[in-house]
Amino acid sequence: MADHTELPEVQIPRYLLAGEPGWRTEADVIVVGSGIAGLTCALRLREQVDRVLLVTKTVLSAGSTAWAQGGIAAALDPEDSPEEHLQDTLVAGVGLCDEAAVRALVTEGPERVHELVALGTEFDRAADGGILLTREGGHHRDRIAHAGGDATGAEISRALIAALDRVITDPGIEVIEHALVVDLLQDAGGRVAGVTLHVIGEGDHDGVGAAYARAVVLATGGLGQIYVSTTNPSVATGDGMAAALRAGAQLTDLEFVQFHPTVLFLGESAQGQQPLISEAVRGEGAFLVDKDGVRFMQGVHPMADLAPRDVVARAIVARMAQTGSDHVWLDARHLGAAFLEKRFPSIVARCRELGIDPATQPIPVAPAQHYASGGVWTDLAGRSTLDGLYACGETACTGVHGANRLASNSLLEGLVFAHRIADDIAARVTAGELAPGAPLPPGGDTGLLDPASRAEVQRAMTAGAGPVRTAESTRHTHAVLAELVGRSSAEQPTTQAWETTNLAHLGLAFCVGAHAREETRGGHERADFPERDDRHWLGHLSHVRTEDGVALTYMAQEESRR
């Protein structure tokens, strides 16, 4: 274990500034988040424990799942196999996947997808009635199931919410919308036994409250809003990851953030959530060209335009530098209007709204932040390093993705590990291992950034910890964030202040990892260390906040998830 201390230590407070809880509630399990991971986990837990509380930041359908265009990957074709899916995933992860976690994903995945169908998910069908499959970057087989052409996430979200609606009158499950989880609550022994949350609205639950439980499942999505431009929705402010960091849970692989290579380029001034041009468009035959119309992926990788995302994103950045351009082009014109409108109706409609017709014009694209491969470290049952705390979906680091996520593995990961978490919690409750806790009230050091600081956080992260980084750039970004956190100037707790503070806390840990990893691997590119280095860096950087408030960073060559 190596200790990386080159960057100055910064103290992160244990809690965010918040008012005293004005109400309290209890459940066996609290599930935070309503994407594929949270909904699946809550629905399955409802069948196995007495009371489940599902809380979500805005409304049930507002998470990242609904925005997933490409599809969900699984070895559904008789000519495909979980072993082939495993190999493609390991290659994309560039040596840092946990093989046991990947094997769980690919072997259990097909059954989980068929359960989605039984639940009511309507995937696109082939002429013979079977699920229609396509291919995306990094896959050597057609194994991507999709729905509504390019609306897979929206259809899965619809089906899961419909299943929840069918049981919403069951006293065994309660849903609270417009609820932001502020911090995790722990008992005297450090076990996670609840959350503080703020509910925007009226009724029994309003303002800051406390919810107590035997276990808490974080399925709060990613941290995309830490950058100026992202494909993530506005709710993706890393709330669950940051709360876990402050509570002392281990976060791993934060430096491996995936930048999607083909995001619609709307100009240098574009900010916030940007339109994604799914990798499935290239899977159907579209290809990348530079400003002179020259295809440039041939010779870069054996799979050319269908290479893994990190390879394509770096190739685009390099080509833009060579040609002095701020974007490249995705050419799908040869696929024809009829095919494009049927296969990618949402993408075509959005492009046309913005004045671009993919049937007659190449689409301007450039890389933008898309997915966080790291997060709260979990074992194969979804348990974090804190007893009573589980994590699932993009919030978690299950070991499936390694240094770079394989296309369309994210929905499958949320689905598979949500089942594993629900079953593990149910078994532990039955065995008496998760007795109701006695959470201690929040106390001690608190902090909160002025919400006006968010733009500064985003600019600093984009400039110094974006697709290409150096020791100098990460050091500068860390200094900017450290100054902001040290100032902690907000006097009134607000949703915007909590979100901004969460982004800054995660940014600090992120920068330490990005600064320490002196190599280029997967989603992490260091211009000053352009080569992959298996001799020194075939391991994982983890971050744990110690009792004195410092997020200690260390490297582990191997981490057991058994």
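Asp253 sits in the loop between strand E15 (251-252) and strand E16 (257-264), where helices (H or I, at least four residues) and strands (E, at least two) are DSSP runs numbered from the N terminus. Although Asp253 is not a glycine, its phi is positive, at about 60 degrees. With a relative accessible area of 2%, Asp253 is buried; the term buried means under 20% relative accessible area, exposed over 50%, and partly exposed in between, with a 1.4 Å probe and protein chains only. The model is a predicted one, in which local features need pLDDT of at least 70 and side-chain atom pairs count only at pLDDT 80 or more, while totals for chains, interfaces and linings use all residues. Residues are numbered from 1 along each chain as its sequence is written, and side-chain values use heavy atoms, with hydrogens and water left out.

A second positive phi in a residue other than glycine is found at Val94, with a value near 50 degrees. Val94 belongs to the loop between H2 and H3, and its relative accessibility of 13% makes it count as buried.

Beyond this loop comes helix H3, which covers residues 99-119. The 21 residues of H3 reach 29 Å from the first C-alpha to the last, close to the 30 Å expected at 1.5 Å a residue; the expected span is 1.5 Å times one less than the number of residues. At the N-terminal end, Asp98 caps H3, with a side-chain oxygen 3.0 Å from the backbone nitrogen of Ala100. Within H3, a kink of about 45 degrees lies at Gly109, shortly before the proline Pro110; the bend at a residue is the angle between axes fitted to the seven residues ending there and the seven starting there. Just after H3, Gly120 takes a positive phi of about 125 degrees.

Which residues of H3 are buried? They are Ala101, Val102, Ala104, Leu105, Val106, Gly109, Pro110, Arg112, Val113 and Leu116. An α-helix has 3.6 residues a turn, so residues three or four places apart point the same way. The cover over the buried residues of H3 includes strand E6 (72-73), helix H2 (82-92), helix H4 (152-166) and helix H10 (409-430), with contact meaning heavy atoms within 4.5 Å.

Helix H4 can be described in a similar way. Its 15 residues should span 21 Å at 1.5 Å a residue, and its end C-alpha atoms are indeed 21 Å apart. Among the buried residues of H4 are Thr152, Gly153, Glu155, Ile156 and Leu164.

Turning to the strands, an open sheet of five has the order E9-E5-E4-E13-E22, with parallel pairing; two strands pair if DSSP finds at least two bridges between them. Strand E9 (173-176) and strand E22 (389-391) stand at the edges with a single partner strand each, so one side of each has no neighbour in the sheet. The twist from one strand to the next averages 20 degrees. Four bridges link E9 with strand E5 (residues 52-55) in the parallel sense, and Leu53 stands opposite Glu174 in E9. H10 lies across strand E4 (29-32), strand E13 (215-218) and E22, running at about 165 degrees to E22; axes here are lines fitted to C-alpha atoms, for helices over the stretch in contact, and angles run from 0 to 180 degrees between N-to-C directions.

Antiparallel pairing appears elsewhere. Strand E18 (residues 287-289) and strand E19 (residues 328-331) are joined by three bridges, and Val289 stands opposite Trp329 in E19. Three bridges also join E19 to strand E20 (residues 363-372), again antiparallel, with Val328 opposite Val365 in E20.

Two charged residues complete the picture. Arg469, in strand E25 (residues 468-469), is buried, with a relative accessible area of 0%. A polar atom of the Arg469 side chain lies 2.9 Å from the backbone oxygen of Glu255, and the backbone oxygen of Ala465 lies 3.3 Å from a polar atom of that side chain. Asp310, in helix H7 (residues 309-323), is buried at 9% relative accessible area. The side chain of Asp310 makes a polar contact of 2.8 Å with the side chain of Asn404; a polar contact is a pair of N or O atoms within 3.5 Å, where within protein one must be able to donate a hydrogen and the other to accept it, and residues adjacent in sequence count only if both atoms are side-chain atoms. Not counting residues up to four places away in sequence, Asp310 touches Asn404, Gly522 and Gly523.
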